[in-house]
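Visitor: Please take a close look at a single part of this model, the surroundings of the ligand, and then place that part in the rest of the chain.

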Amino acid sequence: MGKCTTITNYPHILHGADYNPDQWMEHPEIIEEDMRMMKLAGCNVMSIGIFAWATLEPEEGRYDFSFLDFIMDKLNENGIKAILATPSGARPAWMAKKYPEVLRVNEMRQRNLFGARHNHCYTSPVYQQKTAEINRRLAERYKNHPALLMWHISNEYGGECHCPLCQAAFREWLKEKYHNDLDELNYQWWTKFWSHTYTDWEQIESPSPIGEMKLHGLTLDWKRFVTYQTGKFIENEIAPLREITPDVPVTTNFMRFFDGLDYFKLCKLIDVVSWDSYPEWHRSEGCVEAAQTTAIMHDMHRSMKGQPFMLMESTPSLPNWHEINKLKRPGMHILSSIQAVAHGSDTVQYFQWRKSRGSSEKFHGAVVDHCGHENTRVFREVAQLGEILGKLDEVAGTFTPAEAAIIFDWENWWALDSAECLELHNKRYIEAIHRHYAPFWEMSVNVDVIDSETNFSKYKLIIAPMLYMAKPGVEEKIERFVAGGGTFVSTYFSGVVNENDLCYLGGTPCGKLKEVFGIWAEEIDTLYPEENNSVTFNGKEYTAEHFCELIHANEAETLGKYDSDFYKGMSAVTKNTYGKGAAYYIAFCDDGAFTKDFYSRLIKDLKIGRALEADLPYGVTAHVREENGQRFVFVGNYNDEPAELELGDTKYFDVTNGNEIFGMVQLDGYGVKILKAE
Ligand code: GLA
Ligand code: ZN
């Protein structure tokens, strides 16, 4: 792949924040100070207008762009680019009053009052029309403005509406999906159970605690519909922008593993993926768990489009909505920001530039505190980071090579969560993703996080923890991947249901997968939290907890066996050579020790590329980005104590100061190094 122009056509790493000058227009001196301090902090971008609808359209049809005109010009005069938002994340009070249909109806069928944000119906024709109209005006007004860098549509789309308009749209969506065949819907939802058969489309309602919650096919289709309907709304928002400013890229900010929307579907509608990251740093000793969780998120948002992504929001100091709002310790801001870049982000952005004076986010961390000046610990660290990012122009637009991928699939997650079995309220799916990811982080291996619909062909190794739902085509994809020489790892409770949550008949894992893995899974045991079993693998004993599946190795070779209980001696880890590749099956849930050993061996056996070959101390990791033979290695120490690592004879340059660096290297507590290979 050739050197791409960057995701935003701007040849620098972006550094900036959500900026809400509409809250400060009575204070022109504050706006002037903002411009001075933005430059001082090394900021080159601001996201503006995110919640500005009431200022931009104070009365229906009366538009007032004076504040945006002023700010766009100001930013431009100061060499700062604008990520211009469309304001649909919150609507003005006049609109809610005049058109109650724009307000959301909750699952209890109560219409919300005006208030909060994200409180709107995505189906409402009025809301769609109003949104398209203001977006058109924004695009017309700023299409040639030199500050306009990209569009930030709405803000953190999310939530669902159960109003009559949405119910009707849901029924239409179902009619299309089931080809107008109600019998087919009844079959796929298995409605004969408890006599829930529908005899008219009008009888179908979205899931509700006062109605239907037990038809898993309905629950699943409703969630799919919510993603679809949100996507329709997104398309409606984007249409005027694409028409008027076809060259300006569009993003919207996602929110990690957000249960409400399948981001692998929505990412197809936008040009650049961005997300908002608020980890609980310093929660566990050394921050390793938070670092790994965040790394998974970065990898997933990058993998969605296989190109650099944007860290759209993060806090320079602390959030205000965590249960415990702890300050980032000195060093952590730089480390966590460079972590995003290490995993493929071309931006470091914050919520928020300046703390608002009132309302719900007045104590949320910001670059500029209420004191109003730059002589603060937080500002200094932001400015120091700005200086570092200013030296990373060469990194902007580079790719993240990955030979291994982990499957995280939203529909699988939804189906698993609604399944009434195992540990009723905790299927531990996210934990499983984390557990299978951690060894790669520890060994400095880049990993993509993909869904089961992604193309598998570029990977050497694919891991699918708890792939409960095998959607159409997935079985064949896995078979082709392994037959063609790939290595595939799956676990307990895989290949159990089809895309409508109907159990596969004929044993699990479904169909052809029994041959690919060379096993049959007969039963699954759930342990009480205080219990465990163990598995012996390679002569070592490993803890088995929560879930132990009872499998029969047919063609597969048994690598590990259960040590106790009535299934003592049964296979717990298997390997099946199939075609030119291999398929491993891990039948039990481990506590992290097994996966660590299992994958470190696999990484070596399969010669999967690592950012650094050295064994790194606990809590230290490295990730790599590269392009046209240039290779950047980002090393981070998530311990509060200094750490040492051995770079060997390979010579690197420290990008921040140009010094040559090799041999034994010291990292401060929460220290980071950005190395360029010679
Ligand atoms: C979200 C929102 C922001 C702000 C932050 C606070 O990410 O997008 O508007 O509320 O949370 O952390
Ligand atoms: Zn609605």
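**The ligand site and its setting**

Guide: In this predicted model, ligand 1 is surrounded by Phe51, Arg117, Asn155, Glu156, Asp276, Tyr278, Glu313, Trp321, Phe351, Glu361 and His364. By residue class, this shell divides into four nonpolar, two polar and five charged residues. Oxygen atoms of the ligand have polar side-chain atoms beside them. For Glu361, a polar side-chain atom lies 2.3 Å from an oxygen atom of ligand 1. For Arg117, the distance from a polar side-chain atom to an oxygen atom of the ligand is 2.8 Å. An N or O atom in the side chain of Asn155 is likewise 2.8 Å from an oxygen atom of ligand 1. On its own, ligand 1 has 310 Å² of accessible area, and the protein covers 96% of this.

One member of the shell, Phe351, also takes part in a backbone feature. The peptide bond that joins Phe351 and Gln352 is cis, with omega about 20°. Gln352 is found in the loop between strand E8 (345–350) and helix H12 (377–389). Another cis peptide bond runs from Thr508 to Pro509, with omega near -10°. Pro509 has its place in the loop between strand E12 (487–491) and helix H16 (513–517).

Now the chain as a whole. The protein chain contains 17 helices and 26 strands. Its radius of gyration is 26 Å, close to the 26 Å that the globule rule gives for 678 residues, so the chain is as compact as a globular protein of that length. The C-alpha trace spans about 75 × 75 × 45 Å along its principal axes. Of the 678 residues, 61% count as buried.

Two residues illustrate contacts between parts of the chain that are separated in sequence. Thr219 is found in helix H8 (residues 216–244). Its relative accessible area is 18%, and residues under 20% count as buried, so Thr219 is buried. The C-alpha atoms of Thr219 and Trp414 are separated by 8.6 Å, although their positions lie 195 residues apart along the chain. The second residue, Arg625, has its place in strand E20. At 0% relative accessibility, Arg625 counts as buried. Its C-alpha atom is 7.7 Å from that of His343, with the two residues 282 apart in sequence. The side chain of Arg625 also reaches the backbone oxygen of Val395, at 3.4 Å.

Strand E20 belongs to an open sheet of five strands, in the order E20-E21-E26-E23-E24, with antiparallel pairing. Its edge strands are E20 (620–627) and E24 (660–661), each of which pairs on one side only. Inside this order, strand E21 (residues 630–637) and strand E26 (residues 672–677) are joined by five bridges and run antiparallel. Val635 stands opposite Lys673 in E26.

The loop between E25 and E26 holds Tyr670. Phi of Tyr670 is near 55°, a positive value in a residue other than glycine. With a relative accessible area of 9%, Tyr670 is buried. Strand E25 (residues 664–667) has a covered face, with Val665 and Leu667, and an uncovered one, with Met664 and Gln666. In a regular strand, side chains alternate between the two faces of the sheet. E25 pairs in the antiparallel sense with strand E22 (residues 643–646) over four bridges, and Gln666 is the bridge partner of Glu644.

Strand E15 has several pairings of its own. Strand E13 (residues 519–526) runs antiparallel to strand E15 (residues 540–553), and seven bridges join them. Thr526 has Phe547 as its bridge partner in E15. Strand E14 (residues 533–537) is also antiparallel to E15, with five bridges, and Ser534 has Thr543 as its bridge partner. In the hairpin of E14 and E15, two residues lie between the strands, and Asn538 takes a positive phi near 55°. Strand E19 (residues 588–590) is joined to E15 by two bridges, again antiparallel. There, Cys548 stands opposite Phe588 in E19.

A further positive phi, near 45°, belongs to Leu422, a residue other than glycine. Leu422 is found in the loop between helix H13 (410–418) and helix H14 (429–442). With a relative accessible area of 18%, Leu422 is buried.

How values were computed:
Residues numbered from 1 in each chain as written. Chains lettered and ligands numbered in written order. Predicted model: local features only at pLDDT ≥ 70, side-chain atom pairs only at ≥ 80, totals over all residues. Heavy atoms only, no water. Near = heavy atom within 4 Å. Polar contact = N/O pair within 3.5 Å; in protein donor to acceptor, adjacent residues only side chain to side chain. Areas by Shrake-Rupley, 256 points an atom, 1.4 Å probe, with all protein chains shown as cover. Nonpolar A, V, L, I, M, F, W, Y, C, P; charged D, E, K, R; others polar. Pairing = 2+ DSSP bridges. Rg over C-alpha atoms; globule rule 2.2 N^0.38 Å. Buried < 20%, exposed > 50% of the residue type's maximum accessible area, 1.4 Å probe, protein only.
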